[in-house]
Structure formats: C-alpha cells, structure tokens
Amino acid sequence: MEARLELVDLKGQLSRVVEVAAGSLFALSHQLWSAPELAYQESRAHDALVNFLLADGGWQVQTHYHLDTAFRADWGPAGGLTVGVLCEYDALPEIGHACGHNLIAEVGVATALALKAVLETLPDVKVRVSVIGTPAEEEGGGKIDLIQVGAFNDLDMVLMAHPSQEDASYMPDMALNELTVKYFGKATHAAGYPWEGVNALDAAVLAYTNLSVLRQQLKPDWRLHGIIKHGGVKPNIIPSYSELFYYLRTPQYKDLCILCEKATQCFKAAGLATGCQVELEFDKKAYYNVIPNATLRQLYEANGRSLGMDFAPDQVLNTLSGSTDFGNVSFIVPGIHPYFYIGTSALNHTQEYTEAAGSKEAQYYTLRTAKALAMTALDVVLNPELLQQMKEDFEKINLQKERDGV
C-alpha cells in the first residue's frame, strides 16, 4: 500500500512539472508551428528544441545527431535502463503542421522534463532519459536512417504520441513502400505521323488502369494509390516520357512484398503493351507496421483514464490508419505510439487541422498526453514485474516475426 501511495505521489509530481512548464512548452510548440519546415530541412526546429533542453539544464546534448536535423539529449546514468522519448517536427508542403508534428515534439519534451524531474528525487533508481529528435517522418524516414546507424540500440523502451481525432492507445498503422515508375517512349508529331512515336503517356494511363483493376483482386485492407507526375509537354507531341508515383500499403509488413510484386507486373505489362521501356524505383526505406506492446498499452490507458481521457472504442481501433516510420522502431524496441485528441474533429493533413495544431485549445490535451506517457514510463521503471512483462510481450512479437519470415 505504501509503495502504491508513493507512486501516486510521484505521478502527481510529474503532472505538476508539466503544468509549471506549460507556458514555455506552448511557446516552443508555437515556434515550430509558426515556421514549418519540410523533411530533412528542419534546421530551425532542431535549434529550437536543442536550445530548450539546454536551458532546462542537466542534459548532455548531441546536435546534428547522425543527420543534419536530428539531435539527442541524455540525462541520467548510463548502465541502467534507458527510456527513449521521440520528437517529430517536420511539416507538410503548403499546409504546414497539418499533422501536428509541432505537438509531437512538445509531448516528447514535456514527457522527458517530467521524468527527469521525478527521477532526480530518486537517486537510487538508475534510469537514463534520452530525447531523440527524429526528422523526416512525412517523407524519407528519418527514424530508419537512425536505425541504420544504431541510434536506438541502447534503448529499453521508446515513447511518443501523435495527434488525431480521438484518444487511442494504438491504431493499426500500415506498412508502406513508395514506388516511382518511369516510361520511356519516342516523341513525334501527334497529328502528322503519330505512327512513328511510342507513347509514354499511354503506358502511364494503362498502368493506372491496371492498378485500378487489380484492386478488385486485393484483400480488403490492402491499399494502393498514386498519381501521374509527368505525362508530356504539349498536345501535338507524342509524349516520350511519363512518370507515376505510388504508395503501396498492407497491414502487415510480411504482405507488402506480395503487393509490390503484383503492382510490378501491372507496370511492366503497360510498358510491354505500348512498346515503352520501363524503370521501377522502389524506396529502399519501407515503413513497417506499428507493433503494439500489450503491457504499455494497458498502462497508458489506465494512466490516461486517471487524467480524464475517453479512449476510442474497439471498432475505431480496427480501422486502418496511415503509415509511420515509428513502425520500424517498434520492430527493434518495445514501444508505444498512442494517438491523442486535440479538441477538434478536423482531419489530419487539412488546413483545418493545421489551425487546430497551433491553437491554445490543443494545449490541454497535448500536456495531458505527456503526463500519461511519463506516468507509463514511471510505472515500468519502478516495477520490475511490469518491466519483465513489457519485455516478454516484445519477445512474443519477435517469435511471430520469425515464423512469418520477417
């Protein structure tokens, strides 16, 4: 009973740390929101987050951590448990922070500040808190770049949270690969002697149609969608070049290669039918599906409810979502990637969501999420049984991946 009361007191302390820092956290978030930067170009965001942590004191900060716009800030002793807290801060073209990555960064920093403040009062608890700034989630996969250089190898657990339309401890983010398809034909006068040409636009149109027809034969939860990026330069010239850009998604990474092969045959068939040469360029950094950790989910939901969160029903959780490079992280470290309500029913990737992500109203929900994440981490680091359960959940997933050949 005494231990439980102490944990309740510590969680109260976590909350108060976040509340005291609320003004400065909102200023940080709004600074990012007001100057949106695209993937791998987030230099101002990098500097703002680094300076914020340096001002807090006690953090060992590595700027430009393996990537120009990544960073890492560590507090606490090495050799014990290490809790990783991830920040995202890239924006979308034209509509800025329409996915609320400024709030993701704020949640990450707030979570880390709260954990650090409480752990400073517990000198016998050997825990390190590591804030890692991960650029380029919207395009390019910054977390995958960092995985490849071993940036997460020393983490025992990893936390982050993403804004949405509801509170959810997990949503089924899908595995994703991107594909660029290029067709090369032969230009000629479209009215005078079209028979001399080889029409690359025809190949693109046939490929687009092939993929549309293929959808009937796909599993209901598989997705493919794309655009024609280039289809010619002038109506009276047979197009000698066309280009398509596609996203291919499946709920499980193990199925993604099957969908990619089906799509490949559709693209090649269009080239064969029109006499065009075809080049296919798959992105080498596929996004994996997010693997949930049952223990972390249960703890997060319990902490969230204690703070007034109303979690989405199961039918919402079973609805397919987008894709994130956090999925790749979840394959190598036990982690949690909950979604949180920010006071609006607007949809992500819209101008309306951009406005909501920069609003004062979003702050209550954002800081509440940070409190719940910090409480969840505290539950694990102070309870060896929960730590072991979290690890066992992760090992079960690893065994399943081996059976699936992933």
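Two strands count as paired here if DSSP finds at least two bridges between them. The legends below describe close-up views of a predicted model.

**View A. The open sheet built from β8, β9, β7 and β10.** This sheet is open and has 4 strands, in the order β8-β9-β7-β10, and the pairing is antiparallel. The edges are taken by β8 (223-230) and β10 (277-282); each has a single partner strand, so one side of each is left without a neighbour in the sheet. From one strand to the next the twist averages 20 degrees. Strands β7 and β9 are joined by 10 bridges in the antiparallel sense. Across from Asn177 stands Leu248 of β9. Helix α6, residues 200-214, lies across β7, β8 and β9. The angle at which α6 runs to β9 is about 15 degrees.

**View B. The open sheet that runs from β1 to β11.** In this sheet 6 strands follow the order β1-β2-β4-β3-β5-β11, and their pairing is mixed. Its edge strands, β1 (60-62) and β11 (335-336), each pair on one side only. Strands pair through backbone hydrogen bonds, and the pairing may be parallel or antiparallel. Both senses appear around β4: the pairing with β2 is antiparallel, while β3 and β4 run parallel. Helix α4 (residues 101-119) lies across β2, β3 (81-87), β4 and β5 (157-159). Relative to β3, α4 runs at about 155 degrees.

**View C. Strand β4 and its partners β2 and β3.** Strand β2 (residues 71-75) pairs with β4 (residues 127-133) over 5 bridges. Arg72 has Ile132 of β4 as its bridge partner, and Asp74 has Ser130 of β4. Strand β3 is joined to β4 by 7 bridges, and Cys87 stands opposite Gly133 in β4. How many of the 7 residues of β4 are buried? The count is 7 of the 7, so β4 is largely enclosed by the rest of the structure. Both faces of the strand are covered. One side carries Val127, Val129, Val131 and Gly133, and the other carries Arg128, Ser130 and Ile132; all are buried.

**View D. The largest pocket and its lining.** The volume of the largest pocket is about 770 Å³. Its lining is made of 35 residues, of which Cys99, Glu138, Gly322, Ser323 and His349 are the closest to the pocket centre. Which elements give two or more residues to the lining? They are β6 (162-164), β7 (175-184) and β9 (241-250). Strands β7 and β9 also belong to the sheet of View A. By class, the lining has 16 nonpolar, 12 polar and 7 charged residues.

**View E. Helix α3 with Arg44 and His46.** Arg44 is part of helix α3, which spans residues 43-56. Leaving aside residues up to four places away in sequence, Arg44 touches Ala35, Pro36 and Glu37. Ala203 is 159 residues away from Arg44 in sequence, and their C-alpha atoms are 43 Å apart in space. His46 is found in helix α3 as well. Is His46 buried or exposed? With a relative accessible area of 1%, His46 is buried, because buried is set at under 20%. With residues up to four places away in sequence left out, His46 touches Thr63, His64, Asp68, Thr69, Ala70 and Phe71.

**View F. Positive phi at His66 and Glu94.** Most residues other than glycine have a negative phi. His66 has a positive phi, near 70 degrees, and is not a glycine. This residue is found in the loop between β1 and β2. The relative accessibility of His66 is 48%, and His66 therefore counts as partly exposed. Glu94 is not a glycine either, and its phi is positive at about 75 degrees. The loop between β3 and α4 holds Glu94. At 84% relative accessibility, Glu94 counts as exposed, because the cut-off for exposed is over 50%.

Notes
Residues numbered from 1 in each chain as written. Predicted model: local features only at pLDDT ≥ 70, side-chain atom pairs only at ≥ 80, totals over all residues. Heavy atoms only, no water. 1 Å grid on protein atoms, 1.4 Å probe; cavity = no way out; pocket = protein on both sides within 12 Å on 5 of 7 lines; lining within 4 Å. Points joined across faces, edges and corners; volume = space filled by probe spheres on them. Nonpolar A, V, L, I, M, F, W, Y, C, P; charged D, E, K, R; others polar. Axes fitted to C-alpha atoms, helices over the stretch in contact; angles between N-to-C directions. Contact = heavy atoms within 4.5 Å. Buried < 20%, exposed > 50% of the residue type's maximum accessible area, 1.4 Å probe, protein only.
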